[in-house]
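Biologist: Could you take me on a close look at a single part of this model, and then show me how its surroundings fit together? I would enjoy one connected walk-through.

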There are 2 protein chains.
Amino acid sequence: MTFPRLGVIGAGQLARMMAAPATHMGINLRLLAQDSTDSAAQICEHVVGNPNDAQAVLDFARTCDVVTFEHEQVPQSVIKNLEQNGIKVYPRSDSFIYSQNKVEMRKKMDELNLPNPKWQEYSGGDTSIKFPLIAKTITGGYDGRGVFVVKTPEELSSIHKEIGKTLLLEEMLEFDCEIAIMVARSPHGQAATWAATWTIQEDGICTTTVTPVPELTDELSSAAASIALTIAQGISLVGVMAVELFRVGDRLIINELAMRPHNSGHWTIEGSVTSQFEQHIRAVLDLPLGDTALTSPWAVMGNILGGEKTDMYRPYLHLMARTPGLKFHHYRKEVRPGRKIGHVTLLGSDLVELRHEVQHALDYLSGAVDE
Amino acid sequence: MTFPRLGVIGAGQLARMMAAPATHMGINLRLLAQDSTDSAAQICEHVVGNPNDAQAVLDFARTCDVVTFEHEQVPQSVIKNLEQNGIKVYPRSDSFIYSQNKVEMRKKMDELNLPNPKWQEYSGGDTSIKFPLIAKTITGGYDGRGVFVVKTPEELSSIHKEIGKTLLLEEMLEFDCEIAIMVARSPHGQAATWAATWTIQEDGICTTTVTPVPELTDELSSAAASIALTIAQGISLVGVMAVELFRVGDRLIINELAMRPHNSGHWTIEGSVTSQFEQHIRAVLDLPLGDTALTSPWAVMGNILGGEKTDMYRPYLHLMARTPGLKFHHYRKEVRPGRKIGHVTLLGSDLVELRHEVQHALDYLSGAVDE
């Protein structure tokens with residue numbers, strides 16, 4: 001045995017954040033990038049190729065010992081082609097389908113007796129779910145794209161015509177807050193969760209996370225972990241997965257799955273003994289999983305969204321002086337309005353102060369405040 | 001202002017460990033490696049060149065915004081040539097001399113009224129220091145190389161003849177323990193220390209560090225910080241520096257300086273809010289320094305020294321399962337007996353257990369124990 005080469009299909013910020021733990025552990029990381037200017041391709045060994053091209057992905061995979069991906073856009077056919085050619089690829093296609101196809105996911109959650117919202121497929125006609133409801137494209141949506149709040153049957157019919165495909169309809173829940181919990185599982189079946197995270201959303205995009213979830217009862221914390229572990233085992237997950245949940249009173253209801261390191265787990269880089277990125281590497285290489293304990297009472301993460309400012313370096317002069325414990329993560333992506341271009345994390349024991357400092361940093365980085 | 005390119009002369013494990021914080025902060029790292037197989041060159045943008053070749057180093061430096069180094073072997077003439085050509089290079093040559101020339105260092109410590117052992121230069125003849133004493137080569141020594149315990153005048157004379165250069169003689173202290181303290185300073189003059197570290201040595205090589213130093217009085221902790229800050233200011237340090245100290249009863253006496261990230265500060269990667277590697281980058285780029293607080297009551301670091309085992313990957317299967325919180329750092333250097341090829345770090349509140357687990361990991365990695 002020697003240090004393996006781990007191939008990652010995709011070279012965005014998630015692959016970029018895998019580079020540090022891979023380097024520390026001595027794992028050789030090799031990316032299939034769409035472009036040499038991709039976030040992770042700037043700092044990591046890579047080849048340029050199309051993730052939709054089964055032969056290109058297979059050629060890439062043959063130079064690696066194990067292959068994983070950092071986004072949901074790798075087609076099932078491409079993953080299956082790897083499997084048929086004896087490539088070790090994780091998560092496997094028959095697990096990954098549940099983060100690519102929202103109807104398959106809902107069916108699986110029902111099968112596992114896990115808490116779904118009311119849902120149905122919709123190809124026109126009547127609905128069993130009352131309006132307003134949520135309509136989703138079954139594949140391809142992320143960060144609020146492909147998700148519609150629909151107030152009337154007429155509006156639904158119009159969206160359905162526009163999309164031109166069967167939709168998934170879900171009841172619109174009056175939830176108290178949104179929660180995410182990360183879970184990791186290895187081919188051996190070892191599994192571990194982290195503390196659940198409060199994901200604060202604006203316009204369907206997560207702006208801030210707080211870990212652990214403030215005022216979450218022990219019962220609900222355990223329930224979140226139990227749901228995540230049940231799914232991980234039920235779908236034979238290998239790697240890390242985010243389970244997004246709605247809290248409705250004392251109930252948790254499953255919203256979405258993402259079968260990769262996820263924005264709601266970025267706090268783990270500093271806030272947990274083992275980050276989601278290190279854990280993903282351990283899991284897909286079938287190494288024993290690391291300790292997921294918190295390193296601090298609270299971890300607050302804020303996403304840096306592109307705003308008016310394009311210079312993302314100069315703000316360091318003010319922000320590092322003001323908040324010496326603030327940890328910066330810049331993805332080195334082109335600044336575009338609303339695009340996630342980085343994040344900051346702050347750990348400590350005073351949650352009010354942490355949230356205030358993180359919000360200040362986000363406002364300053366976007367140009368909303370000057371000092 | 002935009003994200004700068006930081007050039008590092010050298011591509012060993014210290015440059016390798018700078019890559020993670022550089023990536024996180026979005027800083028472009030570029031190395032001058034001696035060989036493409038060097039530890040850091042394996043994972044980082046680099047050019048191959050000779051650090052002793054002033055023109056090659058200047059050509060490299062002109063592709064960077066700021067230049068620093070990761071070892072003491074860069075000649076003064078090479079650094080001065082950069083300075084004369086208007087390159088921003090840190091630490092500056094007139095600071096760096098004190099980690100390259102042990103006599104200049106002793107003179108400077110005397111000038112700063114800091115606690116030196118008795119010392120003298122020796123080019124033959126009588127000595128004012130009683131035997132046994134320590135003889136050192138004035139330049140070029142590290143990890144115990146170039147350091148001799150000398151019992152008699154005859155032995156001294158013989159070593160002097162063999163080396164063929166003036167030696168530095170120092171009294172041999174009966175010390176209680178060896179301590180190191182890391183300090184960082186920016187061109188603006190902002191400075192910060194970390195908690196002092198107990199460096200446990202075997203045969204002149206550090207095997208394990210414990211931070212903070214067990215049972216060190218508040219007075220001595222403050223004295224260590226004060227010495228480090230006085231030196232940093234006194235030599236106009238820019239970057240990070242290790243100050244190695246002997247504790248002799250209630251006195252601290254200066255042993256050595258190393259003007260770069262240092263083995264005795266590796267614990268800061270997980271054990272401090274800001275690691276020595278991130279801090280070095282911040283300092284040489286004249287960014288505000290980060291918080292140096294501990295993240296845990298104790299941090300124990302153990303150096304992985306090359307032994308009989310050459311497979312450094314397979315041990316993960318046992319060690320990660322046994323100690324899920326253990327953090328691994330493999331430098332991906334060829335395994336040679338006694339060579340530092342990696343380190344492990346463990347944080348927690350039970351120092352006895354931490355030391356036991358780290359020692360087990362080192363023994364297992366070297367092949368001294370099987371389970």
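Modeller: Happy to! Let's start with Ile254(B), which is buried because 20 other C-beta atoms lie within 10 Å, and a residue counts as buried at 20 or more. Do keep in mind that this is a predicted model. Ile254(B) sits in strand β14 of chain B, which covers residues 251-258.

Who are its neighbours? Leaving aside residues up to four places away in sequence, Ile254(B) touches Met109(B), Leu114(B), Pro115(B), Asn116(B), Ile227(B), Val243(B) and Leu245(B). One of these deserves a second glance: Ile227(B) is 27 residues from Ile254(B) in sequence, yet their C-alpha atoms are 8.7 Å apart in space.

Another of the residues that Ile254(B) touches, Val243(B), leads us into the wider picture. Val243(B) and its counterpart label in the other chain, Val243(A), are the residues with the most contacts inside the largest nonpolar core, which has 202 residues. In chain A, with residues up to four places away in sequence again left out, Val243(A) touches Ala180(A), Ile181(A), Val183(A), Ile227(A), Ala228(A), Ile231(A), Ile254(A) and Leu257(A). Another core, of eleven residues, lies apart from the largest one, and includes Tyr122(B), Ile138(B), Leu156(B) and Leu167(B). As background, nonpolar side chains in soluble globular proteins tend to be buried together.

Next, the helices of chain B. Helix α1(B), residues 13-25, packs against helix α9(B), residues 276-284, at an angle of about 60°, and their axes are 8 Å apart. That angle is why α1(B) counts as oblique to α9(B). The crossing in which α1(B) passes α9(B) is right-handed. On the α1(B) side, Met17(B), Met18(B), Pro21(B), Ala22(B) and Met25(B) take part, and they meet Phe277(B), Glu278(B), His280(B) and Ile281(B) of α9(B). By type, that contact holds seven nonpolar residues, one polar and one charged.

Finally, the place where the two chains meet. Chain A gives 33 residues to the contact, and chain B gives 33 residues. On the side of chain A that touches chain B, the elements giving two or more residues are α1 (13-25), α10 (315-322) and β16 (327-330) of chain A. Of these, α1(A) supplies the largest share, six residues. Sorted by type, the residues on this side of chain A are 18 nonpolar, nine polar and six charged.

Definitions and conventions
Residues are numbered from 1 along each chain as its sequence is written. Chains are lettered from A and ligands numbered from 1 in the order in which they are written. This is a predicted model: local features need pLDDT of at least 70, side-chain atom pairs count only at pLDDT 80 or more; totals for chains, interfaces and linings use all residues. A nonpolar core is a set of buried Ala, Val, Leu, Ile, Met, Phe, Trp, Tyr and Cys residues joined through C-beta atoms within 7 Å. A residue is buried if 20 or more other C-beta atoms lie within 10 Å of its own, exposed if 12 or fewer, and partly exposed in between; C-beta atoms are placed from the backbone. Two residues are in contact if their C-beta atoms, placed from the backbone, lie within 7 Å. Helices (H or I, at least four residues) and strands (E, at least two) are DSSP runs, numbered from the N terminus. Ala, Val, Leu, Ile, Met, Phe, Trp, Tyr, Cys and Pro count as nonpolar, Asp, Glu, Lys and Arg as charged, and the others, Gly among them, as polar. Axes are lines fitted to C-alpha atoms, for helices over the stretch in contact, and angles run from 0 to 180 degrees between N-to-C directions. Angles under 35 degrees count as roughly parallel, over 145 as roughly antiparallel, 65 to 115 as roughly perpendicular and the rest as oblique. A crossing is left-handed if the near helix is turned anticlockwise from the far one by less than a right angle, and right-handed if clockwise.
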